[in-house]
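This briefing was prepared for a reader who wishes to examine the structure alongside the text. Please keep the sequence and the coordinates at hand while reading.

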Amino acid sequence: MKSVNHVYEIAKSLTVRRTAVHNVLRNARKTREFKQYVGREDETVEMAEDWIENYENDSHHAVEIYDGIGHKKRTIIVPTTKELIVQHCIVEALKPMFFRGMYRHSYASVPWRFIRSGNDKPVFFKDVRGAHSGKKTIEKWMKDRKNTKYVLKMDIRHYFESIPHDILKRKLAERIHDEKMINLMYKIIDVVPQGLPLGFYLSQWLSNWYLEGLDHYIKEEELHAVYYIRYMDDMVIFGSNKRKLHEMRKRIQRYLVEELGLTLKDNWQVFRFQYYKDGKPYGRDLDFMGFRFYRYKTVLRRSIMLKCTRKAKRISKKEHPTVYDARQMMSYKGYLKATQTHNMYLKRIRPYVNFDRLAEIISIYDKRRLKYELCG
């Protein structure tokens with residue numbers, strides 16, 4: 001377990017501040033507080049150094065949102081632009097640590113692989129790990145019918161809200177030997193009395209990193225699962241023996257309680273994955289990451305399909321779709337292309353939207369924004 005040093009100074013470096021400010025300001029937010037920094041990127045980069053050195057949490061009001069995909073109400077804390085830029089600086093400085101021991105088949109909140117050269121210049125290369133990459137992995141594994149006979153599916157109870165601060169802080173202190181960075185991160189974590197603040201950029205990285213030990217426990221150190229995949233706190237293990245999967249679940253539960261202060265939800269499942277006998281299907285499909293996996297095909301989760309078709313109909317009624325509409329619909333296109341849903345597309349999507357036109361709307365918006373940024 002290699003520790004990291006001098007990351008506070010890296011977070012304050014001009015290169016990292018520029019990267020953080022650019023990443024934050026390119027994602028338009030509609031708040032008045034955000035708009036005061038738009039078009040002032042160089043000035044904001046200079047101010048960011050002082051924000052890091054004199055960081056204090058701003059006052060927040062919790063906002064309740066409805067997660068249409070997960071069918072849950074979630075309480076989030078929306079960070080101010082200053083807080084968001086500071087969090088981006090921290091993440092940029094700590095990406096080598098986050099990536100160093102990351103499990104290969106952890107597929108949430110991992111947009112880019114990152115390395116840092118000796119002259120303090122960040123170097124990026126594409127290694128997007130999202131739901132679509134996870135889907136391809138599962139489809140590849142399903143070809144091994146022997147070791148994908150049964151499925152263990154589970155997730156952690158109230159994961160974000162339940163992470164104990166004492167264990168998280170101890171783990172951070174063991175890895176980060178930089179007192180200033182540790183104190184800065186503790187301030188951000190302590191914005192809530194328990195767990196991680198849902199809605200903070202730093203939280204999604206810390207929550208993924210917090211389960212790093214569990215990943216290696218399941219895959220390498222103790223359980224030696226053949227096929228194991230995690231999407232944030234949702235976990236799936238394939239196996240050839242139902243009894244062994246039940247035993248794995250019990251040992252994972254003990255590890256979560258004893259090492260991480262967490263518990264599994266009671267809705268865990270062990271079931272026979274879909275198979276065919278005499279030309280007839282038996283067993284169950286796997287609902288995971290927004291997809292429904294069958295032995296020989298993958299389709300959209302019903303809730304996502306309904307959101308997609310309803311969005312298409314709303315766009316068709318607008319004379320001038322917004323760039324937000326276009327981006328949202330183009331993201332659904334990614335799901336459609338990745339699944340066997342062509343008939344649904346022809347019937348429920350194609351009559352209502354023109355993806356070429358939506359792509360043009362996005363292109364025009366991006367060109368105008370780039371021109372505005374270059375012209376100041």
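The points below proceed from the chain as a whole to one helix pair and then to individual residues.

The model is predicted. Its chain contains 16 helices and 13 strands. Of the 376 residues in the chain, 47% are buried. Among contacts with a separation of 6 or more, 68% join residues that lie 24 or more positions apart.

**Packing of α8 and α10**

- Helix α8 spans residues 165-175 and helix α10 spans residues 201-210. The two pack at an angle of about 85°, and their axes are 12 Å apart.
- Angles of 65 to 115 degrees count as roughly perpendicular, and α8 and α10 are therefore roughly perpendicular to each other.
- On the α8 side, the contact involves Ile167, Leu168, Lys171, Leu172 and Arg175. Their counterparts in α10 are Leu206, Trp209 and Tyr210.
- By residue class, this contact of α8 with α10 comprises six nonpolar and two charged residues, with no polar ones.

**The loop between β8 and β9**

- Strand β8 covers 269-272 and strand β9 covers 275-277, and Gln274 is placed in the loop between them. Phe273 is found in the loop between β8 and β9 as well.
- Phe273 has a relative accessible area of 0% and is therefore buried. Its C-alpha lies 5.2 Å from that of Arg284, although Phe273 and Arg284 are eleven residues apart in sequence.
- Gln274 has 9% relative accessibility; because buried means under 20%, Gln274 counts as buried.
- The side chain of Gln274 comes to 2.9 Å from the backbone nitrogen of Arg295.
- When residues up to four places away in sequence are set aside, Gln274 touches Pro281, Tyr282, Gly283, Arg284, Tyr294 and Arg295. Arg284 thus appears both in this set and in the C-alpha pair with Phe273.

**Positive phi outside glycine**

- Most residues other than glycine have a negative phi.
- Met232, which is not a glycine, has a positive phi of about 60°. Met232 lies in the loop between β6 (227-231) and β7 (234-239).
- With a relative accessibility of 10%, Met232 counts as buried.
- Asp278 also has a positive phi, near 55°, and is a residue other than glycine. The position of Asp278 is in the loop between β9 and β10, the latter strand covering 280-282.
- Asp278 is exposed, with a relative accessible area of 74%. The two residues therefore fall in opposite accessibility classes: Met232 is buried, whereas Asp278 is exposed.

**Residue pairs separated in sequence**

- Arg129 belongs to the loop between β4 (122-125) and α6 (131-141). At 8% relative accessibility, Arg129 counts as buried.
- Arg129 and Tyr107 are 22 residues apart along the chain, and their C-alpha atoms are separated by 4.9 Å.
- Ile304 is part of helix α13, which spans residues 302-316. Ile304 is buried, its relative accessibility being 2%.
- The C-alpha atoms of Ile304 and Tyr335 are 9.0 Å apart, and the two residues are 31 positions apart in sequence.
- Pro193 sits in the loop between α9 (179-189) and α10. Because its relative accessibility is 77%, Pro193 counts as exposed.
- Pro193 and His165 are 28 residues apart along the chain, with a C-alpha separation of 8.1 Å.

**Cysteines**

- How many disulfides does a search of the whole structure find? The search finds zero.
- Cys89 has 0% relative accessibility and therefore counts as buried.
- Cys308 is likewise buried, at a relative accessible area of 1%.

Definitions and conventions:
Residues numbered from 1 in each chain as written. Predicted model: local features only at pLDDT ≥ 70, side-chain atom pairs only at ≥ 80, totals over all residues. Heavy atoms only, no water. Axes fitted to C-alpha atoms, helices over the stretch in contact; angles between N-to-C directions. Helix = DSSP H or I, 4+ residues; strand = E, 2+ residues; numbered from the N terminus. Parallel < 35°, antiparallel > 145°, perpendicular 65-115°, else oblique. Contact = heavy atoms within 4.5 Å. Nonpolar A, V, L, I, M, F, W, Y, C, P; charged D, E, K, R; others polar. Disulfide = S-S within 2.5 Å. Buried < 20%, exposed > 50% of the residue type's maximum accessible area, 1.4 Å probe, protein only. Polar contact = N/O pair within 3.5 Å; in protein donor to acceptor, adjacent residues only side chain to side chain.
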